[in-house]
Amino acid sequence: MVEARALPRRTNPRLWLAGGWLLVILLAAIFAPLVAPHDPLAQDLMLERLPPFWVTGAEPGYWLGTDSLGRDLLSRLIYGGRIAFAVAFAAAIAACLVGSALGLVAGYFGGWADRIVSRIVDIWMAFPPVLFAILLVAVLGTGLSSVIIAIAVIDWTRFCRVVRAEAMSQARMDYVENARIAGFGRLDIMLREVLPNVLPTIIALLSLEMGIAVIVEAILSFVNLSISTDDPTWGGMIAEGRLSIHQAWWVLVFPLIMLILTVLSFSQFGEGLKSRFDPVLR
Amino acid sequence: MSAPCLEIEGLSATLANGVRVLRSVSLTVEPGEVRALVGESGAGKSMIGKAVLGVLPPSIRVVEGRIALEGTELGKLAPRASRALIGARTALIPQDPLTALNPSRRIGPQMTDRLVKILGWDGTKADQRIRKLLDDVRIREPDRVLRSYPHELSGGMRQRVLIAAAFAAEPRLIVADEPTTALDVTVQKQILRLIVELQREHGTAILFVTHDLGVVAKISQKVTVLYAGKVVEQADTAALFASPQHPYTRALMAATPRYTDPMASLRPVDEAVLAGLSAEIATADRNWKPNARGSGHD
């Protein structure tokens, strides 16, 4: 057996780029009132469909232009980030807690616990997720908390399946058997031996799920089922931009770019974190 | 005379489909004695070890027989009490040092956990104990090792750590499940020597599971030869090597490579011997009825 030394830590550009972008958006969202140049809701029909700054006809102070009601796009994007991040964090964490707990129990204990949890997951996944979300929000009524609940209710299965599989393979490891021989209780072993080994996966999944939550929120606001139409959301902006794509492409393109970059960053950030947290890959 | 350290009597186990994996196995390990358990892959050697330690996979059921640790029959205890007894009196030196340590926890806490949390030792005492044993297994930098994650150590180092951990709680019985199989040949000898040395020093009884007759000859006082879950022959090690009684044992010995004459002795176990054994076992299985006093420990 060769002496397996830890490789010298390399900086991971993926992790830093993705993390950097997320941090910028997060800070902008938190300090939106200070950062945003304009009131995101202020309409000014004199300033409608101003182009972004590098196009002729741009108005100083409206960096990314305005939409068909003369609202500042940059400010709306920043405020939209608030909602996107609130949904991303709350929904992903809720889904993660429920899904991981059930998955861990099912995977480690097996037997009846596993059978029950797995059947529920199977049934859950038979619903088309987006329709399920739309249905849920329609029932719960629109609003921030409904969107969060809908996403958590739909997506806990993602955590449950992955964590279950991971916990199952960990439960077969010799160190789990060793702990059993030593006399440790099952719950003890699950939390102390199995959970830390599943944690890197959970973290990667959590970040990925945040990206998915952003998408789902955008879809729901695109079909006008998210929060009130007055509040700026990226999905809502895309929906509005679609109507004026021929007159003002920027109204559609900028929120789309935000959405793509943010979702991509979440998934890359998760992958980066996973390799950072995993003692074997580290 | 005091009770044997480990007594297994008429132990039979089956798979869920009723196929027998252990066939009325009986063996004893006296205090301070090393008993080797030899057989081919799949003979059920490790099964016996797992049964003793109470960690048989759920697919395998013990249908009859009893296992007693120092005179206390495990099957008669409540599951919790039997776990506690196994935890206090036994330890395992596992086959694969790569998977026997938790990859995401440092070595130190993994080694002291059992002493502190199960046996209720004080943290400092446990730490001293572990350091003493790391010294015994010739680990020269205990501080570095205790702070390491398992992947930072070589296979041999990890096996040393596991040996130290097994002896740390002063168990009466250690099950060593092919502890050198996963290691480099050059490391195997050192590890074996360490196990024997610690075994003598602590007076621990060992049930040593192996397929390697060379290892058997070196370390054990008694041998049990197993074929297809059935005990073929039991004897003192010296007597067994001097005059093996059963044809299967003789065939197994003939199949062991020797350094002096490598090619000549490399021949598989004689087909006729195996056929005879299989027929014998098949007849026995046909007449076998699991008896009612099957002990139901997990």
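**Salt bridges, aromatic pairs and the A–B interface**

Asp135(B) has a relative accessibility of 45% and counts as partly exposed. The value, like every other one here, comes from a predicted model. The side chain of Asp135(B) meets that of Arg140(B) in a salt bridge, with 3.3 Å from N to O. Arg140(B) is exposed, at a relative accessible area of 59%. The two partners thus fall in separate classes because the limit for exposed is set at over 50%. Asp135(B), at 45%, is partly exposed, whereas Arg140(B), at 59%, is exposed.

Over all chains, the count of salt bridges comes to 32. Another pair within chain B joins Glu9(B) and Arg66(B), whose side chains meet at 3.7 Å, N to O. Glu9(B) belongs to strand S1 (residues 6-15) of chain B and Arg66(B) to strand S4 (residues 60-69) of chain B, so this salt bridge ties together parts 57 residues apart in sequence. Glu9(B) is partly exposed, with a relative accessible area of 35%.

In chain A, a salt bridge forms between the side chains of Arg192(A) and Asp188(A), again given as N to O, at 3.7 Å. Both residues lie in helix H8 (residues 186-222) of chain A; being four residues apart there, they are separated by about one helical turn. Their accessibilities fall on either side of the 20% limit for buried. Arg192(A) counts as buried, at 15% relative accessibility. Asp188(A) is partly exposed, at 35%.

This pair is part of a wider arrangement. Asp188(A) and Arg192(A) are linked with Glu193(A), Arg105(B), Asp113(B) and Lys117(B) in a network of salt bridges. The network thus includes residues of chain A and of chain B. One of its links crosses between the chains: the side chains of Arg105(B) and Glu193(A) meet in a salt bridge of 3.0 Å, N to O. Across the interface of chain B and chain A, three salt bridges are found.

The interface itself brings 32 residues of chain B into contact with 23 residues of chain A. The area buried between the two chains is about 2,500 Å². Carbon and sulfur atoms give 53% of that area. On the side of chain B, the most area is lost to chain A by Arg83(B), Thr99(B) and His151(B). Together these three residues account for 20% of what that side buries.

Polar contacts between chain B and chain A number nine residue pairs, both residues at pLDDT 80 or more. Several elements of chain B each supply at least two residues of the side that touches chain A. They are helix H1 (45-53), helix H2 (79-89), strand S6 (90-93), helix H3 (107-118) and helix H6 (155-168). H3(B) gives the largest share, four residues. By residue type, this side of chain B divides into 13 nonpolar, eight polar and 11 charged residues.

Aromatic pairs number 13 over all chains. In one of them, Phe53(A) and Trp54(A) have ring centres 5.2 Å apart and planes at 85°, so the pair is edge-to-face. Phe53(A) is partly exposed, at 48% relative accessibility. Trp54(A) counts as exposed, at 51%. A second edge-to-face pair joins Trp124(A) and Trp156(A), with 5.5 Å from centre to centre and 70° between the planes. Trp124(A) sits in helix H4 (residues 111-125) of chain A and Trp156(A) in helix H6 (residues 144-171) of chain A, so the pair ties together parts 32 residues apart in sequence. Trp124(A) is partly exposed, at 26% relative accessibility. Trp156(A) is buried, at 8%.

Phe53(A) and Trp54(A) also belong to one aromatic cluster, which they form with Trp63(A), Trp249(A), Trp250(A) and Phe254(A).

Finally, Arg144(B) lies in helix H5 (residues 142-147) of chain B. Arg144(B) is partly exposed, at 22% relative accessibility. From Arg144(B) to Glu70(B), the C-alpha to C-alpha distance is 38 Å. In sequence, these two residues are 74 residues apart.

Terms used: Residues numbered from 1 in each chain as written. Chains lettered and ligands numbered in written order. Heavy atoms only, no water. Contact = heavy atoms within 4.5 Å. Buried area = accessible area lost by both parts, 1.4 Å probe. Salt bridge = Lys/Arg side-chain N within 4 Å of Asp/Glu carboxyl O. Polar contact = N/O pair within 3.5 Å; in protein donor to acceptor, adjacent residues only side chain to side chain. Nonpolar A, V, L, I, M, F, W, Y, C, P; charged D, E, K, R; others polar. Phe/Tyr/Trp six-rings, centres within 6.5 Å; stacked < 30°, edge-to-face > 60°. Buried < 20%, exposed > 50% of the residue type's maximum accessible area, 1.4 Å probe, protein only.
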